[in-house]
Amino acid sequence: MGFMDKLKSAAQEVAVEARKMGVQAQGKLSEAQLKRKMDDSARLLGYLYHQERTRGGALGDEADALVHAISELEVQIAQAVADTKAKEAAAEAHAPQSSSS
């Protein structure tokens, strides 16, 4: 294998790793945004619960909506993690196979 072949192979490996890192970063960002939304909903639910415990009254429809939103966000986070793993695997599968000399 000549110098240019080795250089081309190394450049392809760097490009594949860069794609994988991009996919990982995008997945982590999406995951973080969803977790932040879930945390905000949980915080609001906690405030409602505190209000119910200290001032009386029922939690009502707002609490039910928050519980539903949190459940939906958990599903979305799991899907985002699975999508990121699938994209990473696809990037790995498209990696050129290097031949060792």
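**Exercise 1.** Lys 20 and Glu 17 both lie in which helix, and how many residues apart?

*Solution.* The model is predicted. Begin with the position of the pair. Lys 20 and Glu 17 are both in helix 1. They are three residues apart, which is about one turn of the helix. Next, look at the side chains. Lys 20 forms a salt bridge with Glu 17. The closest N and O atoms are 3.2 Å apart, and the cut-off is 4 Å.

**Exercise 2.** Decide whether Lys 20 and Glu 17 are buried, partly exposed or exposed.

*Solution.* Recall the cut-offs: buried is under 20% relative accessible area, and exposed is over 50%. Lys 20 has a relative accessible area of 16%, so Lys 20 is buried. Glu 17 has 41%, so Glu 17 is partly exposed.

**Exercise 3.** Treat the salt bridge between Glu 31 and Lys 35 in the same steps.

*Solution.* Take the distance. The closest N and O atoms of Glu 31 and Lys 35 are 3.6 Å apart. Take the spacing. The two residues are four apart in helix 1, so about one helical turn separates them. Take the accessibility. Glu 31 is at 14% and therefore counts as buried. Lys 35 has a relative accessible area of 39%, so Lys 35 is partly exposed.

**Exercise 4.** Describe the salt bridge of Arg 43 and Asp 40, then give the total count of salt bridges.

*Solution.* The side chains of Arg 43 and Asp 40 meet at 3.1 Å, N to O. These residues are three apart in helix 1, so about one helical turn lies between them. Arg 43 is partly exposed, because its relative accessibility is 44%. Asp 40 is partly exposed too, at 37%. The count comes to three salt bridges.

**Exercise 5.** Check the length of helix 2 (residues 60-93) against its expected span.

*Solution.* Helix 2 has 34 residues. The expected span is 1.5 Å times one less than the number of residues. That gives 50 Å for helix 2. The end C-alpha atoms are 50 Å apart, so the two values agree.

**Exercise 6.** Name some buried residues of helix 2, and one element that covers them.

*Solution.* The buried residues include Ala 63, Leu 66, Ile 70 and Leu 73. Ile 77, Ala 80, Thr 84 and Ala 91 are also buried in helix 2. Their cover includes helix 1.

**Exercise 7.** Which residues make the nonpolar surface patch of about 370 Å²?

*Solution.* The patch is made by Phe 3, Met 4 and Leu 7. Now place Leu 7. Leu 7 lies in helix 1 (residues 3-55). Leu 7 is partly exposed, because its relative accessible area is 45%.

Definitions and conventions
Residues numbered from 1 in each chain as written. Predicted model: local features only at pLDDT ≥ 70, side-chain atom pairs only at ≥ 80, totals over all residues. Heavy atoms only, no water. Patch = residues over 30% accessible without salt bridge, like charges linked within 9 Å, V, L, I, M, F, W, Y side chains within 5 Å. Areas by Shrake-Rupley, 256 points an atom, 1.4 Å probe, with all protein chains shown as cover. Buried < 20%, exposed > 50% of the residue type's maximum accessible area, 1.4 Å probe, protein only. Contact = heavy atoms within 4.5 Å.
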